[in-house]
Amino acid sequence: MFYREAGQFKATYAEDNQIFPIRQDRIGITLILLLAFLVIPLSASPYIFSAILIPFLIFSLAALGLNILTGYAGQLSLGTAAFMAVGAFASYNFMLRLEGIPVLLAFALSGCCAAAVGIVFGLPSLRIRGFYLAASTLATQFFIVWCLTKIGWFTNYSSSGVITAQQIVIFGYAFDTPAAKYLFVLSVVSIMALLAKNMVRSNTGRSWMAIRDMDMAAEVIGFRPMRTKLLAFAVSSFYCGVAGALYAYAYLGTVEPEGFSLEMSFRILFMVIIGGIGSILGSFLGSAFIVLLPTLLNVLFHFLETELHVELPSGISSSVELMVFGALIIFFLIVEPHGLARLWQIGKEKLRLWPFPH
Amino acid sequence: MAQRQSGDVILDLQKISLHFGGVKALTDISFDVREHEIRAIIGPNGAGKSSMLNVINGVYHPQEGTIVFRGKPRHEMDTYQAAKAGIARTFQNIALFKGMSVLDNIMTGRNLKIRSNFLLDAIYWGPAQREEIEHRRKVEEIIDFLEIQHIRKTPVGRLPYGFQKRVELGRALAAEPSILLLDEPMAGMNVEEKQDMCRFILDVNDQFGTTIVLIEHDMGVVMDISDRVVVLDYGKKIGDGTPDEIRNNQDVINAYLGVAH
Amino acid sequence: MQFFLEVLLGGLLTGIMYSMVALGFVLIYKASGVFNFAQGAMVFFAALTAVGLHDLGLSLWLAIPLTMLVMIVLAMAIEKIVLRPLVNQPEITLFMVTIGLTFFIEGLAQAIWGASVRKLEMGIDDVPLEYLLDTLGIAISQFDLVAAGIAFVLVAGLAMFFSKTKVGRALRAVADDHQAALSIGIPLQQIWVIVWGVAGFVALVAGLLWGARNGVQFALTFVALKALPVLILGGFTSVPGAIVGGLIIGASEKIAEVYLGPYVGGGIEGWFPYVLALLFLLARPEGLFGEKIIRRI
Amino acid sequence: MSAVNEAARSDRERLDTFPHLMLHHARVRGEHPATREKDMGIWQTWTWQQVAAETRAMACGLSLLGFKRGDNLAIIGDNRPRLYWAMCAAQMLGGVPVPMYQDAVAQEMSFVLENAEIRFAIVEDQEQVDKMLEIKDNCPQLAHILYDDPRGMRHYNQTFIQSLDEVMEMGRIHDQKQPDLLDTEIHQGGSEDISVMLYTSGTTGKPKGVCVTHAAFIAAARTGCEFDHLSAAEEVLSYLPMAWVGDHLFSYGQALVAGFTINCPESGDTVMTDLREIGPTYYFAPPRVFENLLTQVMIRMEDASNIKRKLFDYFMRVAKRCGAEILDGKPGVPFSDRFNYALGNLLIYGPLRNVLGMSRIRVAYTAGAAIGPDLFRFYRSIGINLKQLYGSTETCAAVCLQPDGEIKFDSVGKPVPGVEVKIAGNGEVLVRSQAMLKGYYKRPDATAESIDGEGYFHTGDAGFFDEDGHLKIIDRAKDVGKLANGAMFAPNYIENKLKFFQFIKEAVAFGHDRNMVCAFINIDMGAVGNWAERRNIAYSGYTDLAAKAEVGQLVLECVEQVNAELVHDGMLADSQVHRFLVLHKELDPDDDELTRTRKVRRGFVSEKYAVLIDALYSGKASQYIETQVKFEDGRTGMVAADLKVYEARTFPVVRKAA
């Protein structure tokens, strides 16, 4: 309805290949970015930053990483949290052991460490597929968490296994307030999302999708399965690794290996499924949904208890949360396997054709 | 029909045998393919036709025999090497990338010509974009050639069967192959679609000089468009020659034409 | 040597328990092509329900059949609500849906019965069998032996069920060919309910045994994760594979923990089976007893 | 400095021929897009400078092949940039472009090629080349065939067939070496030279070549541009047949006068998509295009959800009530209506204009046939400034235009400045202006017949001026007849009223010298087909659908509604349709029943279907008929059906007491 596309014609391939070919979308994303970079930092409360916006962005990045692997390259992984752990602990060690290393470089290197680990654990994908692979990625999850727990060097021999992340300082500016951390995370996530979009819309992305959709045909036209899959593992793990570093540095401050649990891996998988498999936008939508859901449930329970005086057993909220997560996954897989992103896409299509139905 | 000029032998298959476990798929098959010709492989179901194509482009590795491609003898092909050497193919059951648009599907066909890597792709603006545009131009020519302009941005999963076949041909053409292997390009099509596909195959052969090896069930089509035909039955070669020779080959008539038609 | 035997036997006995859980996976995978990640949650749910009912004052002999009934209802609900709409979907989608199911069942179990650990008294003590201790000097838990016995009976029973009964044969047919199964005259939906019901029964038995040993608690769901390497090793479709795989995993993880653990800081039980299975997978992707897949195009 | 250069410089000021106009634009707005074409997935764009260079190359190439002053150049194909440029290239050399209908069969082209003594033809593609080859034997003078699209042309090794690319390349080199030669040719061109020859298909007889001078056509184009304040910023979609005067005026004449951009669609199938992409600011279409669009709108809305449909219906009612008035800026629209309309504009009209590709339209015109008042009102009411114009090939499509703010649904507007219009005694409309034909090619007889001694052109249309000075056209003058009782009978008027229903595609009314009016009806396959599907009426094709009793009933209702309207139409009240039948086949230009511009060839139809007319007037209840039809590929077949004759209710005429 608000899409007025008449007259938006493309005279060059560069215009035709834009990320947002429709002018209204370009305006929309500009507004969103302005809002995120200018309005929100000035208006939101520290609670909103630390409890909602920062985790939302970090999980978006992790979900984006998983989406590259699962959504684009078709390799299901249940070990996302482990790659995040690699990122978090690697950057801790880089910062700790390399005097004066720039934060961003440390993050990038920790992403590379995660990518290397990802390649190693991606090797089985060459021989096995589907849930055999999924099951084997569980090994990653357990093995890495175990390594980080058992090998003291990683945690700098902290007795509790807990590490405390150093401060983020760039060009002498310390990102120590929630708003500053938020801006830092937002910048990293925005840039990495852009890079991801660029990859998936060019030959790299096509190679992933080709392997995902029909690996035999992909091989016959010259894509090399090993290279393509391992690249997907590497890039995906890189994203998760950076997300993990941000998780430690900009969100929690102190982390322990057990924090990167299987449950967290699942949570990120849920973000991808609910948000939309094979969609960059979906990673953000899914993350927003999963991050906000517990908050909303808490508000609901609070309302039930204080306003309606319903007697609720203690601990019910976490059980109900599990059930809601589970039910949502089932619901989305049955009703809309491509998640919120597809719903948005359908809605957008409707708006573009409005008032016609199709 | 204009008589095509066939050139030298480009692909020579010598005594190829292939079996899966105890099942013999191909036994001691030899034939050659000349440059610029349209070479048909026919035979009843299960005669080993698709296996033959799979041997040529390295999906299957024969236990015995030699494949001489452009003068270089090999015991077996490998899919990547085959693609690199200019062998492209389509599949009997459409093997398109269902989640992508027509345009992207055909773009994948150009992957071997794309030099960009994932880092350049991630940065995009610069070399990657230049390359994307350069290859897009080429792909648009193919889209134009196959007359599928109106569906270029449609996800292939939504297309009717006939168009999917055409897109698959487009993807193979995008590689600018020297040999094109077509596995039943006209199966399941109506008369009109078959005519279109025939025209495209002849045009490809004519305009780009592409050598074509095709498997097809429609005898009329095969006899019409191919220069030479090889006949397989139960994994063995029972005939090889021009359409006229095949028509009059007693073995072929007995084993195949007489029975099935 | 005695110590090694003790470790080995202990491992094998644990392995039988793994096999039980893995058996649930295999049953469902064989009949419906669904890789049921929720098997662990079902173990947890079944055990918690039985114990919960018992704690309410019911005798175990009443609580167990009642739980079985609940499991059948659950199986029917899953078939109707989850599986039926997803017929003909890719296996990976079905796999993910069972992850959702896992969360749902776990949440449901805790919402009904609470999240605290419950004790289950079966009347068998987890003490070394004195006879063995006296004669061979090996300490083998009495409980483990009983549990292994029960597991053995269960496996034998299932084997009989599959080969001797009409329903069992139909189930096997389904695994091979859905069309063929239809021609036997049993609707696919019904077969699914049966197979999920049977898996629920296996889960109940496994849950009770594990629960009696370690207490009925959330950690039960992790036992199910142990079943995954068992499956990778044994193959997804093979009942003997599940059993042999379970034994191998049980024994090897114990041995590794005891002999290798001290050098690397212990706790390798958590991942060792996976790495073992993974290495195995690279060598033989179809598993010990699985069928070789030839990719045709 | 040579004299030629001097001449070229002095030519800078000249704007009196199309080549001069083109060079002018290349100078003053060289970087402004002149031509676009959807090709290879994007809108390939040529600036005025590039277009001028291409055109020069083409002209030089043609000249090298021997094309010279006075030669006629046939141009056959869809709207392709290079075919438009070819017109100017011919004009540069003092030749005359003769655009022809691209969907005509070879035999039809043969006449024009012969008549115009065509030696050179520039055609679009293999299909057209094949047609040329087919008739080459009849047209021995045809010496050069140049094709635009090389697809499939590899094996045509005849020496007289050449690719346009090749010729242009030759020309380019030549022009670089000796630019003076072409400049001289251009300089020699004068405004009184013939600029174009457009063949009118004519409802009877052979086509006639209408010769129009540069001066005349430029005058026509300029008048239109000034009238609607067209600037170089306009975008138009060039999708109508190039041989039609309307397209020549809009896509060639006015584009060159105003310097705006023309956009050629990818193919005939993608016009709607391309229209939406370009979003033209200036648009021209015959009524049937608007009609089809509206039909599609209605069909698509049928499938919309209930709420959406209710919303649509509600706001369409609002628009009907006040939309046209608001567009005209008329006072007296209540505030509530204005508010409602603004809301509707946000929710329905705006989006609707957008999906139709018309949201940027400043001015849209329709001409070529009468447009239904409902149809006309619909477009105006949703905020599209649709207007009517009146003109013909002979008058360069520029006689009357509707001025902004003075739109009447049933008139064609006021004579434009510089055009004199008067009504002859028999009601025929006579026109005199600068923008008029010079004569019919090689037909002095026909020229003398249609241009009288005072210089008035006899349009052949019957009409009258209303009290505000707006011209109203009722019918072709020669078609206006009398019923047996002496009352006036204007078949077109009745047919148009019938055709205003979405279900009726074509109608032919009879009544001259008869005691009552009867009619043939062609149903609209799309609209009726959709209607039938929603009622679960199965049908196998046009013939089957047309024969359904339900469809007959549907048409009957339409006819009766027309009768109810006609009864109030004063002198045409006696023309109510008494009996009609639904034809078993669609009237088709391939069967000579329609002209290429889809006008009914009345005489031919009444001869061909005499037996049906007899059945209508003899009171029979049904009539069996077999008809030969020609398919697109030239094969023929038979269609047979037993046609039912329907009786329509008529209304008693209330004569006003004189």
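**Group meeting: chains A and C, then Glu266(D)**

Okay, let's start with what isn't there: between chain C and chain A, the count of residue pairs in polar contact, both at pLDDT 80 or more, is zero. Salt bridges between chain C and chain A? Also a count of zero. And before I go on, bear in mind that this is a predicted model.

So what does that contact look like? Let me take the side of chain C that touches chain A. The elements giving two or more residues to that side are α3 (60–83), α4 (91–113), α10 (220–234) and α13 (272–283) of chain C. Which of them gives the most? That's α4(C), with 16 residues. If you sort that side of chain C by class, you get 32 nonpolar, eight polar and four charged residues.

Now the totals. The contact takes 44 residues from chain C and 38 residues from chain A. People often give the size of an interface as the accessible area lost when the parts come together. Here, the area buried between chain C and chain A is about 3,800 Å², and carbon and sulfur atoms give 83% of that.

How does this pair sit among the others? Five pairs of chains touch, and the most contacts are between chains A and C. Chain C and chain D, on the other hand, do not touch, and their nearest C-alpha atoms are 26 Å apart.

While we're on chain A, have a look at its own helix α4, residues 80–97. This one has 18 residues and reaches 26 Å from its first C-alpha to its last, close to the 26 Å expected at 1.5 Å a residue. Of those 18 residues in α4(A), 15 are buried, so the helix is largely enclosed by the rest of the structure.

Last stop, chain D, and one residue: Glu266(D). You'll find Glu266(D) in the loop between β11 (261–264) and α11 (271–278) of chain D. Buried or exposed? Buried, because its relative accessibility is 11%, and the cut-off for buried is under 20%.

Who's around it? Leaving aside neighbours within four places in sequence, Glu266(D) is in contact with Lys38(D), Gly41(D), Arg80(D) and Asp274(D), plus Gln149(B) and Arg152(B) over on chain B. With Arg152(B) there's a side-chain to side-chain polar contact, at 3.2 Å. And one for the sequence readers: Trp43(D) is 223 residues away from Glu266(D) along the chain, yet their C-alpha atoms are separated by 9.0 Å.

That's my bit, thanks.

How values were computed:
Residues are numbered from 1 along each chain as its sequence is written. Chains are lettered from A and ligands numbered from 1 in the order in which they are written. This is a predicted model: local features need pLDDT of at least 70, side-chain atom pairs count only at pLDDT 80 or more; totals for chains, interfaces and linings use all residues. Side-chain values use heavy atoms; hydrogens and water are left out. Helices (H or I, at least four residues) and strands (E, at least two) are DSSP runs, numbered from the N terminus. Buried means under 20% relative accessible area, exposed over 50%, partly exposed in between (1.4 Å probe, protein chains only). Contact means heavy atoms within 4.5 Å. A polar contact is a pair of N or O atoms within 3.5 Å; within protein, one must be able to donate a hydrogen and the other to accept it, and residues adjacent in sequence count only if both atoms are side-chain atoms. Buried area is the accessible area (1.4 Å probe) that two parts lose on being put together, summed over both. A salt bridge is a side-chain nitrogen of Lys or Arg within 4 Å of a carboxyl oxygen of Asp or Glu. Ala, Val, Leu, Ile, Met, Phe, Trp, Tyr, Cys and Pro count as nonpolar, Asp, Glu, Lys and Arg as charged, and the others, Gly among them, as polar. The expected span of a helix is 1.5 Å times one less than its number of residues.
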